[in-house]
Amino acid sequence: MSNHADNFYQSKQVNMQKVNFLNQYKMKVAGNLFTPKTLAANTKYPAIIVGHPMGAVKEQSANLYATKMAEQGFVTLAIDLSYWGESEGQPRNAVLPDVYSEDFSAAVDFLGTQPFVDRNNIGVIGICGSGSFAISAAKIDPRFKAIATVSMYDMGAASRNGLNHSLTLQQRKQILQQAAEQRYIEFTGGKTLYTGGTINKGQITAKDSSIAHEFYDFYRTARGEFTPAGSQPELTTHPTLTSNPKFMNFYPFNDIETISPRPLLFITGDKAHSKEFSEDAYRRAAEPKELYYVKNAGHVDLYDRVNLIPFDKLVSFFKTNLH
């Protein structure tokens, strides 16, 4: 809980209500809608959708960002991606990046039909994996007027290549082979296996990587731990093994330049193990674009450390581009 971590921050300046809406595939998407208490009648407000880190739920990081931005006068909506949290989708914890991206467009459908939202001024903040899903959505949905990512992971590149291209082609093929064999087991009634995610509580050791410890400190401690209804603590953050290879076919940064002239803001910690993804997206994107480094910040720091998260930068970006 050190260093100003405040994942479960609540504000007396905003109202929050649980909402549900259908995506294009008639799956229920769950969200928390935040509105400023100063909301005036017969006025339309700019809105921002907030997506949680991959493997997380809206109560982890997304609610915090949505609350802080609502304090600044925006209508905000933190969503659970399909197959996660309170959103529908079976099996639970399944990987399907096209549907994740669709959830962001469905959130625009929902917000854009609310009487107090200006449908011509809807933006998005994608945290970690949701950064890549939001970009994927924005490439084909022009209703996103401004796109910001924080500690972005390109879930496709991370799955194909590993961090810093540490995964060999042979290792990739071994992963695919294991998942393919597991499909037979599960197809014939065997037990579902899970992969990746955060090391479970009580199982981390000094031998585990610094990155593993970084995630553990958030997902497996009171700082950020949250188990949605119907799940179990040992399943949280872990995708199903057989669906995880879907990420191998996910290329969110291809054609990212076609988002222009809508503005892109990539925020990353200068010490983040994931900064390669924001740098790659920035290189490929067309103007207007900005790559913003947060000094002395790691990847997970920007999930909840309110003294490091550059909310002023986000507020100015959206106030400039949603008006």
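This is a short dialogue on reading a predicted model of one protein chain.

Visitor: Where do I start? How many helices and strands does the protein chain have?

Guide: Count the elements. The protein chain holds nine helices and eight strands.

Visitor: How do I read its overall size?

Guide: Take the radius of gyration and set it beside the globule rule. Here the radius is 19 Å, close to the 20 Å that the rule gives for 323 residues, so the chain is as compact as a globular protein of that length. Then look at the spans. Along its principal axes the C-alpha trace covers about 55 × 40 × 40 Å.

Visitor: What share of the residues counts as buried?

Guide: Of the 323 residues, 57% do. Now turn to the surface. The accessible surface comes to about 14,300 Å², and 51% of that belongs to carbon and sulfur atoms.

Visitor: What share of the contacts with a separation of 6 or more joins residues 24 or more positions apart?

Guide: That share is 72% in this chain.

Visitor: How should I read the charges?

Guide: Start with the general idea. Side chains of opposite charge can pair when their charged atoms come close. Next, the totals. This chain carries 33 positive and 31 negative side chains. The centres of the two sets lie 1 Å apart. The salt bridges number 14.

Visitor: Which residue forms a salt bridge with Asp80?

Guide: Lys58 does, with the closest N and O atoms 2.6 Å apart. Asp80 sits in the loop between strand S4 and helix H2, and Lys58 in the loop between strand S3 and helix H1, so the pair ties together parts 22 residues apart in sequence.

Visitor: Are Asp80 and Lys58 buried or exposed?

Guide: Both are buried.

Visitor: Which residue pairs with Asp109?

Guide: Arg143 does, at 2.7 Å between the closest N and O atoms. Asp109 lies in helix H2 and Arg143 in the loop between helix H3 and strand S6, so this pair ties together parts 34 residues apart in sequence. Asp109 is partly exposed, at 35% relative accessibility. Arg143 is partly exposed too, at 31%.

Visitor: Where do Arg284 and Asp280 lie?

Guide: Both lie in helix H7, four residues apart, about one turn of the helix. They form a salt bridge, with the closest N and O atoms 3.0 Å apart. Check the cover on each partner. Arg284 is partly exposed, with a relative accessible area of 37%. Asp280 is buried, at 17%, because buried means under 20%.

Visitor: Which residues do shared salt-bridge partners join into one network?

Guide: Lys18, Lys58, Glu59, Asp80 and Glu86.

Methods: Residues numbered from 1 in each chain as written. Predicted model: local features only at pLDDT ≥ 70, side-chain atom pairs only at ≥ 80, totals over all residues. Heavy atoms only, no water. Helix = DSSP H or I, 4+ residues; strand = E, 2+ residues; numbered from the N terminus. Rg over C-alpha atoms; globule rule 2.2 N^0.38 Å. Buried < 20%, exposed > 50% of the residue type's maximum accessible area, 1.4 Å probe, protein only. Contact = heavy atoms within 4.5 Å. Areas by Shrake-Rupley, 256 points an atom, 1.4 Å probe, with all protein chains shown as cover. Lys, Arg positive; Asp, Glu negative; His and termini not counted. Charge placed at Lys NZ, Arg CZ, Asp CG, Glu CD. Salt bridge = Lys/Arg side-chain N within 4 Å of Asp/Glu carboxyl O.
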